[in-house]
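Visitor: I would like to learn how to read a ligand site and a helix face. Can you take me through one case?

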Amino acid sequence: METSKYFPSVETLDEGYQKTFKNCDELLPTLPQTKGWWFGQLFQYHGFWISGFCIRGSMLNHDHFKPRSTDIVVATSPKCGTTWLRALVFSIINRASFDFSDHPLRKANPQDLVPFFEKIIHKDGSTSFVDGIPSPRLLSTHLPYSLFPTRMTDDTSACRFVYIYRDPKDVFVSKWHFASKLRPKELPPLSLEETFDLFCKGVSHYGPFWDHVLGYWKASVESPKKVLFLKYEDVKKEPLGCVRKVAEFLGVPFTPEEENKEIVEQIVKLCSFESMSNQDVNKLDKRYQQRPVSNSDFFRKGEVGDWVNHLSPQMAEKLDQITEEKLQDTGFNFH
Ligand code: A3P
(Lines give C-alpha, C1' and ligand atoms only; values in the text may rest on other atoms or scores of the structure.)
Protein backbone atom coordinates (compact mmCIF):
# COMPACT_ATOMS: atom_id res chain seq x y z
CA MET A 1 0.00 0.00 0.00
CA GLU A 2 1.13 3.56 -0.68
CA THR A 3 2.88 5.03 2.33
CA SER A 4 5.71 7.42 1.63
CA LYS A 5 3.91 10.52 0.37
CA TYR A 6 1.50 10.93 3.18
CA PHE A 7 3.32 10.02 6.36
CA PRO A 8 6.72 9.12 7.76
CA SER A 9 7.95 5.55 7.64
CA VAL A 10 6.04 3.19 9.89
CA GLU A 11 9.11 2.48 12.06
CA THR A 12 9.09 6.06 13.36
CA LEU A 13 5.52 5.76 14.65
CA ASP A 14 4.42 4.93 18.17
CA GLU A 15 3.89 1.27 18.86
CA GLY A 16 0.08 1.54 18.90
CA TYR A 17 -0.01 3.10 15.42
CA GLN A 18 2.51 0.59 14.10
CA LYS A 19 0.20 -2.16 15.30
CA THR A 20 -2.79 -0.70 13.44
CA PHE A 21 -0.72 -0.35 10.25
CA LYS A 22 0.46 -3.94 10.60
CA ASN A 23 -3.06 -5.24 11.26
CA CYS A 24 -4.28 -3.44 8.17
CA ASP A 25 -1.43 -4.73 5.99
CA GLU A 26 -2.18 -8.26 7.17
CA LEU A 27 -5.92 -7.91 6.74
CA LEU A 28 -6.11 -6.48 3.22
CA PRO A 29 -4.79 -9.52 1.31
CA THR A 30 -7.39 -11.69 3.06
CA LEU A 31 -10.36 -9.58 1.90
CA PRO A 32 -12.32 -10.01 -1.35
CA GLN A 33 -10.94 -7.52 -3.91
CA THR A 34 -12.03 -5.89 -7.12
CA LYS A 35 -10.81 -3.07 -9.36
CA GLY A 36 -12.08 0.41 -8.52
CA TRP A 37 -13.96 2.38 -11.19
CA TRP A 38 -11.07 4.77 -11.70
CA PHE A 39 -7.88 3.59 -9.99
CA GLY A 40 -6.74 1.31 -7.24
CA GLN A 41 -8.30 -1.72 -5.69
CA LEU A 42 -11.45 -1.90 -3.62
CA PHE A 43 -11.68 -4.35 -0.74
CA GLN A 44 -14.86 -5.72 0.76
CA TYR A 45 -14.61 -4.63 4.37
CA HIS A 46 -17.49 -5.26 6.77
CA GLY A 47 -19.79 -5.53 3.77
CA PHE A 48 -18.64 -2.33 1.97
CA TRP A 49 -16.28 -1.82 -1.00
CA ILE A 50 -13.58 0.56 0.21
CA SER A 51 -10.02 1.41 -0.85
CA GLY A 52 -7.16 0.05 1.24
CA PHE A 53 -6.13 3.58 2.19
CA CYS A 54 -9.58 4.40 3.57
CA ILE A 55 -9.84 1.04 5.35
CA ARG A 56 -6.62 1.94 7.13
CA GLY A 57 -8.18 5.33 7.92
CA SER A 58 -11.16 3.57 9.42
CA MET A 59 -8.89 1.32 11.47
CA LEU A 60 -6.90 4.31 12.73
CA ASN A 61 -10.18 5.90 13.71
CA HIS A 62 -11.27 2.76 15.50
CA ASP A 63 -8.04 2.25 17.40
CA HIS A 64 -6.87 5.79 18.14
CA PHE A 65 -9.23 8.67 17.38
CA LYS A 66 -10.39 10.67 20.39
CA PRO A 67 -13.80 12.13 19.59
CA ARG A 68 -14.97 15.38 21.16
CA SER A 69 -18.53 16.18 22.09
CA THR A 70 -18.40 19.14 19.71
CA ASP A 71 -17.33 17.14 16.64
CA ILE A 72 -19.54 17.45 13.58
CA VAL A 73 -19.25 14.86 10.84
CA VAL A 74 -20.66 15.53 7.37
CA ALA A 75 -21.38 12.02 6.10
CA THR A 76 -22.34 10.91 2.61
CA SER A 77 -22.13 8.15 0.10
CA PRO A 78 -20.05 9.62 -2.76
CA LYS A 79 -21.90 11.88 -5.25
CA CYS A 80 -24.85 12.54 -2.97
CA GLY A 81 -23.95 16.20 -2.37
CA THR A 82 -20.89 16.06 -0.13
CA THR A 83 -19.46 19.29 -1.55
CA TRP A 84 -22.72 21.14 -1.06
CA LEU A 85 -23.31 19.87 2.46
CA ARG A 86 -19.73 20.65 3.46
CA ALA A 87 -20.25 24.22 2.26
CA LEU A 88 -23.62 24.58 3.99
CA VAL A 89 -22.49 23.21 7.35
CA PHE A 90 -19.24 25.20 7.24
CA SER A 91 -21.10 28.43 6.56
CA ILE A 92 -23.78 27.69 9.18
CA ILE A 93 -21.39 27.08 12.03
CA ASN A 94 -18.99 29.86 11.06
CA ARG A 95 -21.62 32.46 10.13
CA ALA A 96 -20.57 34.94 12.78
CA SER A 97 -16.90 34.82 11.78
CA PHE A 98 -16.99 35.81 8.13
CA ASP A 99 -18.40 38.41 5.83
CA PHE A 100 -20.32 36.83 2.97
CA SER A 101 -18.61 39.02 0.38
CA ASP A 102 -15.19 37.86 1.50
CA HIS A 103 -16.00 34.35 2.63
CA PRO A 104 -13.51 31.44 2.76
CA LEU A 105 -15.83 29.55 0.39
CA ARG A 106 -14.97 32.15 -2.25
CA LYS A 107 -11.30 31.25 -1.97
CA ALA A 108 -11.22 27.56 -1.15
CA ASN A 109 -13.04 24.45 -2.24
CA PRO A 110 -15.22 22.98 0.54
CA GLN A 111 -13.00 19.93 0.73
CA ASP A 112 -10.13 22.15 1.86
CA LEU A 113 -12.29 23.71 4.59
CA VAL A 114 -13.92 20.49 5.76
CA PRO A 115 -11.24 17.81 5.68
CA PHE A 116 -11.87 14.27 4.57
CA PHE A 117 -11.68 12.26 7.76
CA GLU A 118 -10.46 8.85 6.58
CA LYS A 119 -7.73 10.62 4.62
CA ILE A 120 -6.42 13.20 7.07
CA ILE A 121 -6.37 10.72 9.89
CA HIS A 122 -3.26 9.31 8.15
CA LYS A 123 -1.54 12.66 8.10
CA ASP A 124 1.72 12.44 10.05
CA GLY A 125 1.02 8.71 10.47
CA SER A 126 -0.98 9.21 13.64
CA THR A 127 -4.05 11.08 14.79
CA SER A 128 -1.92 14.06 15.84
CA PHE A 129 -3.07 16.23 12.93
CA VAL A 130 -6.79 15.65 13.62
CA ASP A 131 -6.13 16.01 17.36
CA GLY A 132 -4.72 19.46 16.64
CA ILE A 133 -7.80 20.81 14.85
CA PRO A 134 -9.54 23.31 17.15
CA SER A 135 -13.13 22.69 18.30
CA PRO A 136 -15.69 22.52 16.93
CA ARG A 137 -14.06 20.14 14.47
CA LEU A 138 -15.90 19.82 11.21
CA LEU A 139 -15.00 16.63 9.34
CA SER A 140 -16.31 14.86 6.28
CA THR A 141 -16.59 11.14 5.67
CA HIS A 142 -17.86 8.52 3.27
CA LEU A 143 -17.48 5.76 5.84
CA PRO A 144 -20.63 3.78 6.61
CA TYR A 145 -22.13 4.44 10.03
CA SER A 146 -21.44 0.87 11.15
CA LEU A 147 -17.69 1.47 10.80
CA PHE A 148 -17.63 4.19 13.45
CA PRO A 149 -16.66 3.06 16.94
CA THR A 150 -19.36 3.06 19.60
CA ARG A 151 -17.59 5.86 21.42
CA MET A 152 -18.72 8.04 18.50
CA THR A 153 -22.12 6.50 17.86
CA ASP A 154 -23.57 5.73 21.26
CA ASP A 155 -25.89 8.24 22.86
CA THR A 156 -23.41 9.21 25.56
CA SER A 157 -21.06 10.76 22.99
CA ALA A 158 -22.33 14.07 21.75
CA CYS A 159 -20.59 14.20 18.37
CA ARG A 160 -23.10 14.62 15.57
CA PHE A 161 -23.50 13.37 12.01
CA VAL A 162 -25.25 15.24 9.21
CA TYR A 163 -26.00 12.85 6.34
CA ILE A 164 -27.32 13.50 2.85
CA TYR A 165 -28.54 10.94 0.32
CA ARG A 166 -29.99 11.14 -3.14
CA ASP A 167 -31.98 9.21 -5.75
CA PRO A 168 -29.74 6.25 -6.65
CA LYS A 169 -30.31 6.85 -10.38
CA ASP A 170 -28.78 10.33 -10.11
CA VAL A 171 -26.04 8.98 -7.83
CA PHE A 172 -25.07 6.38 -10.40
CA VAL A 173 -25.00 8.88 -13.27
CA SER A 174 -22.97 11.36 -11.25
CA LYS A 175 -20.55 8.65 -10.14
CA TRP A 176 -20.11 7.34 -13.66
CA HIS A 177 -19.27 10.83 -14.97
CA PHE A 178 -16.86 11.43 -12.10
CA ALA A 179 -15.14 8.05 -12.53
CA SER A 180 -14.88 8.52 -16.30
CA LYS A 181 -13.11 11.84 -15.75
CA LEU A 182 -10.70 10.45 -13.19
CA ARG A 183 -9.93 7.21 -14.92
CA PRO A 184 -6.35 7.12 -16.23
CA LYS A 185 -6.28 7.73 -19.97
CA GLU A 186 -4.29 4.54 -20.61
CA LEU A 187 -7.26 2.43 -19.44
CA PRO A 188 -10.23 1.73 -21.72
CA PRO A 189 -13.19 4.07 -21.13
CA LEU A 190 -15.78 3.02 -18.55
CA SER A 191 -18.79 1.63 -20.32
CA LEU A 192 -22.04 2.96 -18.88
CA GLU A 193 -23.66 -0.47 -19.09
CA GLU A 194 -20.86 -2.38 -17.35
CA THR A 195 -20.53 0.22 -14.65
CA PHE A 196 -24.27 0.18 -14.17
CA ASP A 197 -24.15 -3.57 -13.53
CA LEU A 198 -21.41 -3.06 -10.96
CA PHE A 199 -23.42 -0.34 -9.20
CA CYS A 200 -26.49 -2.59 -9.14
CA LYS A 201 -24.38 -5.34 -7.54
CA GLY A 202 -23.20 -2.87 -4.93
CA VAL A 203 -19.67 -2.76 -6.32
CA SER A 204 -18.71 0.91 -6.23
CA HIS A 205 -16.71 3.12 -3.86
CA TYR A 206 -18.32 2.73 -0.42
CA GLY A 207 -21.08 0.58 -1.95
CA PRO A 208 -23.52 -1.03 -1.73
CA PHE A 209 -25.18 2.37 -1.91
CA TRP A 210 -28.45 1.19 -0.31
CA ASP A 211 -26.72 -0.33 2.73
CA HIS A 212 -24.85 2.93 3.26
CA VAL A 213 -28.07 4.96 3.25
CA LEU A 214 -29.94 2.47 5.41
CA GLY A 215 -27.20 2.49 8.06
CA TYR A 216 -27.50 6.25 8.55
CA TRP A 217 -31.28 6.23 8.22
CA LYS A 218 -31.60 3.64 11.02
CA ALA A 219 -29.23 5.65 13.19
CA SER A 220 -31.24 8.82 12.55
CA VAL A 221 -34.41 7.05 13.66
CA GLU A 222 -32.80 5.53 16.75
CA SER A 223 -30.77 8.60 17.68
CA PRO A 224 -32.36 11.69 16.12
CA LYS A 225 -30.20 14.00 18.19
CA LYS A 226 -27.06 12.35 16.85
CA VAL A 227 -27.82 11.84 13.17
CA LEU A 228 -29.64 14.26 10.88
CA PHE A 229 -30.81 12.58 7.68
CA LEU A 230 -31.28 14.85 4.66
CA LYS A 231 -32.28 14.28 1.08
CA TYR A 232 -30.56 16.12 -1.80
CA GLU A 233 -33.87 16.62 -3.58
CA ASP A 234 -35.40 18.22 -0.45
CA VAL A 235 -32.48 20.59 -0.02
CA LYS A 236 -32.86 21.60 -3.66
CA LYS A 237 -36.57 22.23 -3.20
CA GLU A 238 -36.53 23.86 0.23
CA PRO A 239 -32.99 25.12 0.83
CA LEU A 240 -33.99 27.74 3.41
CA GLY A 241 -35.95 25.26 5.52
CA CYS A 242 -33.15 22.70 5.33
CA VAL A 243 -30.51 25.22 6.40
CA ARG A 244 -32.64 26.18 9.41
CA LYS A 245 -33.11 22.49 10.23
CA VAL A 246 -29.34 21.84 10.13
CA ALA A 247 -28.66 24.87 12.33
CA GLU A 248 -31.22 23.72 14.88
CA PHE A 249 -29.86 20.19 14.84
CA LEU A 250 -26.36 21.52 15.49
CA GLY A 251 -27.63 23.58 18.41
CA VAL A 252 -27.10 26.94 16.71
CA PRO A 253 -30.56 28.02 15.51
CA PHE A 254 -30.86 31.33 13.70
CA THR A 255 -31.84 34.21 15.96
CA PRO A 256 -34.62 36.67 15.00
CA GLU A 257 -31.88 39.21 14.39
CA GLU A 258 -30.08 36.88 11.99
CA GLU A 259 -33.38 36.15 10.25
CA ASN A 260 -33.92 39.90 9.84
CA LYS A 261 -30.49 40.22 8.31
CA GLU A 262 -31.38 37.38 5.91
CA ILE A 263 -28.39 35.29 6.95
CA VAL A 264 -30.15 32.08 5.94
CA GLU A 265 -30.77 33.47 2.46
CA GLN A 266 -27.14 34.52 2.17
CA ILE A 267 -25.90 31.07 3.15
CA VAL A 268 -28.18 29.40 0.62
CA LYS A 269 -27.04 31.81 -2.10
CA LEU A 270 -23.36 31.44 -1.33
CA CYS A 271 -23.57 27.63 -1.33
CA SER A 272 -25.78 27.31 -4.39
CA PHE A 273 -24.48 25.39 -7.37
CA GLU A 274 -24.41 28.56 -9.49
CA SER A 275 -22.37 30.49 -6.96
CA MET A 276 -20.00 27.70 -5.98
CA SER A 277 -19.28 26.42 -9.46
CA ASN A 278 -18.49 29.96 -10.60
CA GLN A 279 -15.88 30.72 -7.95
CA ASP A 280 -12.48 30.85 -9.62
CA VAL A 281 -11.09 28.38 -7.11
CA ASN A 282 -13.68 25.82 -8.16
CA LYS A 283 -12.98 26.27 -11.84
CA LEU A 284 -9.46 24.95 -11.30
CA ASP A 285 -8.75 21.94 -13.42
CA LYS A 286 -5.44 21.01 -11.92
CA ARG A 287 -4.61 17.46 -10.97
CA TYR A 288 -1.54 16.44 -9.12
CA GLN A 289 -0.19 13.23 -7.80
CA GLN A 290 -1.40 13.35 -4.22
CA ARG A 291 -4.87 14.38 -5.28
CA PRO A 292 -5.68 13.26 -8.78
CA VAL A 293 -9.03 15.05 -8.54
CA SER A 294 -9.38 18.73 -9.32
CA ASN A 295 -11.84 21.17 -7.73
CA SER A 296 -13.89 21.48 -10.90
CA ASP A 297 -14.61 17.73 -10.87
CA PHE A 298 -17.04 18.23 -7.99
CA PHE A 299 -19.36 20.43 -10.03
CA ARG A 300 -21.17 19.02 -13.01
CA LYS A 301 -24.88 19.84 -13.31
CA GLY A 302 -26.20 19.85 -9.78
CA GLU A 303 -29.69 18.95 -10.94
CA VAL A 304 -32.38 16.55 -9.84
CA GLY A 305 -33.34 13.89 -12.39
CA ASP A 306 -30.46 14.19 -14.87
CA TRP A 307 -30.56 10.38 -15.03
CA VAL A 308 -33.22 10.62 -17.76
CA ASN A 309 -30.51 11.84 -20.11
CA HIS A 310 -28.32 8.80 -19.52
CA LEU A 311 -30.31 5.76 -18.43
CA SER A 312 -32.67 3.75 -20.62
CA PRO A 313 -36.16 3.19 -19.21
CA GLN A 314 -35.14 -0.43 -18.56
CA MET A 315 -32.10 0.63 -16.56
CA ALA A 316 -34.14 3.07 -14.53
CA GLU A 317 -36.72 0.41 -13.87
CA LYS A 318 -34.04 -2.05 -12.78
CA LEU A 319 -32.53 0.42 -10.32
CA ASP A 320 -35.95 1.32 -8.93
CA GLN A 321 -36.69 -2.36 -8.50
CA ILE A 322 -33.43 -3.01 -6.66
CA THR A 323 -34.15 -0.03 -4.44
CA GLU A 324 -37.59 -1.36 -3.66
CA GLU A 325 -36.22 -4.81 -2.82
CA LYS A 326 -33.43 -3.42 -0.68
CA LEU A 327 -35.80 -1.25 1.31
CA GLN A 328 -38.53 -3.83 1.69
CA ASP A 329 -39.58 -4.22 5.32
CA THR A 330 -37.17 -1.55 6.50
CA GLY A 331 -39.77 1.17 7.03
CA PHE A 332 -37.78 3.55 4.81
CA ASN A 333 -38.44 4.64 1.25
CA PHE A 334 -36.74 7.11 -1.06
CA HIS A 335 -39.87 9.18 -1.59
P1 A3P B 1 -24.05 15.88 -10.62
O2 A3P B 1 -22.95 15.01 -11.12
O3 A3P B 1 -25.40 15.20 -10.70
O4 A3P B 1 -24.08 17.23 -11.22
P5 A3P B 1 -20.30 15.04 -4.19
O6 A3P B 1 -20.06 16.43 -3.73
O7 A3P B 1 -20.87 14.12 -3.15
O8 A3P B 1 -19.10 14.49 -4.89
O9 A3P B 1 -21.48 15.11 -5.26
C10 A3P B 1 -21.28 15.76 -6.49
C11 A3P B 1 -22.65 16.06 -7.04
O12 A3P B 1 -23.19 17.19 -6.35
C13 A3P B 1 -22.56 16.47 -8.49
O14 A3P B 1 -23.82 16.10 -9.05
C15 A3P B 1 -22.39 17.97 -8.38
O16 A3P B 1 -22.68 18.68 -9.55
C17 A3P B 1 -23.37 18.27 -7.26
N18 A3P B 1 -23.11 19.53 -6.57
C19 A3P B 1 -21.92 20.08 -6.24
N20 A3P B 1 -22.09 21.26 -5.62
C21 A3P B 1 -23.42 21.46 -5.54
C22 A3P B 1 -24.23 22.52 -5.03
N23 A3P B 1 -23.68 23.60 -4.48
N24 A3P B 1 -25.57 22.40 -5.12
C25 A3P B 1 -26.13 21.32 -5.68
N26 A3P B 1 -25.42 20.29 -6.20
C27 A3P B 1 -24.09 20.35 -6.14
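Guide: We take the ligand shell, then one helix. This is a predicted model, where local features need pLDDT of at least 70, side-chain atom pairs count only at pLDDT 80 or more, and totals for chains, interfaces and linings use all residues. Residues are numbered from 1 along each chain as its sequence is written, and side-chain values use heavy atoms, with hydrogens and water left out.

Visitor: Which residues come nearest to the ligand?

Guide: A residue is near if one of its heavy atoms lies within 4 Å. Of the 17 residues around the ligand, Lys79, Thr82, Thr83, Ser174 and Lys301 come nearest. Helix H3 (residues 82-93) gives the largest share of the shell, 3 residues.

Visitor: What polar contacts does the ligand have?

Guide: A polar contact is a pair of N or O atoms within 3.5 Å. A side-chain N or O atom of Arg300 sits 2.7 Å from a ligand oxygen. For Lys301, a backbone N or O atom is 2.7 Å from an oxygen of the ligand. The ligand has 570 Å² of accessible area on its own (Shrake-Rupley, 1.4 Å probe), and the protein covers 97% of that.

Visitor: Which residues of helix H9 are buried?

Guide: Buried means under 20% relative accessible area (1.4 Å probe, protein chains only). In H9 (residues 192-200), these are Leu192, Thr195, Phe196, Phe199 and Cys200.

Visitor: Why do they line one face?

Guide: An α-helix has 3.6 residues a turn, so residues three or four places apart point the same way. Seen down the axis of H9, the buried residues fall within an arc of 140°, so they line one face. Their cover includes helices H8 (168-182), H10 (209-222) and H17 (313-327).

Conventions. A polar contact is a pair of N or O atoms within 3.5 Å; within protein, one must be able to donate a hydrogen and the other to accept it, and residues adjacent in sequence count only if both atoms are side-chain atoms. Helices (H or I, at least four residues) and strands (E, at least two) are DSSP runs, numbered from the N terminus. Buried means under 20% relative accessible area, exposed over 50%, partly exposed in between (1.4 Å probe, protein chains only). The arc is that of the directions from the helix axis to the C-beta atoms. Contact means heavy atoms within 4.5 Å.
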